[in-house]
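Subject: Structure for you to look at

Hi,

Here is the structure I promised to pass on. Could you open it and keep it beside you while you read the notes underneath?

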Amino acid sequence: MSDAAEQPLRDKDGIPIQIGEMVSSRQRAGRHYGNVTDIVITEEDAKKKGVAHPPKVLFKTQTGKLVQHNPSVLVHGENPWEEGHAESKEKK
């Protein structure tokens with residue numbers, strides 16, 4: 001497990017996520033975006049911070065709400081539909 005804790009979490013495009021970076025995700029008919037405030041990897045940290053099912057990336061959205069997302073649903077930048085993201089096309 002020490003190997004997993006030492007590896008950086010990666011977004012949907014495989015780019016490492018670090019505290020302070022702008023990330024975003026699709027959310028129903030809109031999006032969540034904000035700067036990463038914390039990254040929770042271990043069960044121990046998750047219990048202390050009230051996070052379920054780590055690993056999670058925590059950030060405050062554009063409306064100020066603190067959210068937690070799986071790193072695999074996030075992309076860097078404010079716009080999750082921006083060209084260059086691996087999953088930019090809508091599923092039909």
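What follows is a walk through the fold, the core, the charged pairs and a few backbone oddities.

First, the caveat: this is a predicted model, so please read everything below in that light.

**Overall layout**

The protein chain has 2 helices and 5 strands, and along the sequence they come in the pattern α-β-β-α-β-β-β. There are 92 residues, of which 32% count as buried. If you take the contacts with a separation of 6 or more, 48% of them are between residues 24 or more positions apart. The accessible surface is about 6200 Å², with 47% of that belonging to carbon and sulfur atoms.

**The core and strand β2**

Which residues make up the largest nonpolar core? There are 9 in all: Leu9, Ile17, Val23, Val36, Ile39, Val57, Phe59, Val67 and Leu74. Strands β2 and β3 (56-60) each supply at least two residues of this core.

Val36 is a good place to start clicking. Outside its neighbours within four places in sequence, Val36 touches a stretch that includes Ile17, Gln18, Ile19, Gly20 and Glu21, plus Val23. Val36 is also in contact with Val57, Leu58 and Phe59.

Gly34 is another one to look at, and it lies in strand β2, residues 30-40. Buried or exposed? Gly34 has a relative accessibility of 6%, so it counts as buried. Setting aside neighbours within four places in sequence, its contacts are Glu21, Met22 and Val23, along with Phe59 and Lys60. Leu58 is 24 residues from Gly34 in sequence, and their C-alpha atoms are 9.3 Å apart in space.

**The β3/β4 hairpin**

Strands β3 and β4 pair in the antiparallel sense, over 4 bridges. If you want a landmark for the register, Val57 has His69 in β4 as its bridge partner. The hairpin has 5 residues between the strands, and Gly64 takes a positive phi there, near 95°.

Strand β4 (residues 66-69) shows a clean alternation of side chains. Val67 and His69 point to one face and are buried, while Leu66 and Gln68 point to the other and are not. Val67 is also one of the core residues listed above.

**Salt bridges**

A general reminder before the charged pairs: side chains of opposite charge can pair when their charged atoms come close. How many salt bridges are there here? The count comes to 2.

One is between Lys49 and Asp38, with the closest N and O atoms 2.5 Å apart. Lys49 lies in helix α2 (residues 43-49) and Asp38 in strand β2, so this pair ties together parts that are 11 residues apart in sequence. As for exposure, Lys49 is partly exposed, with a relative accessible area of 41%, whereas Asp38 is buried at 18%.

The other is between Lys48 and Glu44, where the closest N and O atoms are 3.9 Å apart. Both of these residues lie in helix α2, 4 residues apart, or about one turn of the helix. Lys48 is exposed, with a relative accessible area of 65%, and Glu44 is exposed too, at 56%.

**Backbone oddities**

Have a look at the loop between α2 and β3, which is where Pro55 sits. Pro54 and Pro55 are joined by a cis peptide bond, with omega about 5°. His53 lies in the loop between α2 and β3 as well. His53 has a positive phi of about 55° although it is not a glycine. Its relative accessible area is 66%, so His53 counts as exposed.

Arg28 also has a positive phi without being a glycine, in this case about 50°. You will find Arg28 in the loop between β1 (22-27) and β2. Arg28 is exposed, with a relative accessible area of 82%.

That's the tour. If you go through it on screen, I'd start with Val36 and its contacts to Val57, Leu58 and Phe59, then move on to the cis bond between Pro54 and Pro55.

Cheers

Definitions and conventions:
Residues numbered from 1 in each chain as written. Predicted model: local features only at pLDDT ≥ 70, side-chain atom pairs only at ≥ 80, totals over all residues. Heavy atoms only, no water. Buried < 20%, exposed > 50% of the residue type's maximum accessible area, 1.4 Å probe, protein only. Contact = heavy atoms within 4.5 Å. Areas by Shrake-Rupley, 256 points an atom, 1.4 Å probe, with all protein chains shown as cover. Salt bridge = Lys/Arg side-chain N within 4 Å of Asp/Glu carboxyl O. Core = buried A, V, L, I, M, F, W, Y, C linked by side-chain atoms within 4.5 Å. Pairing = 2+ DSSP bridges.
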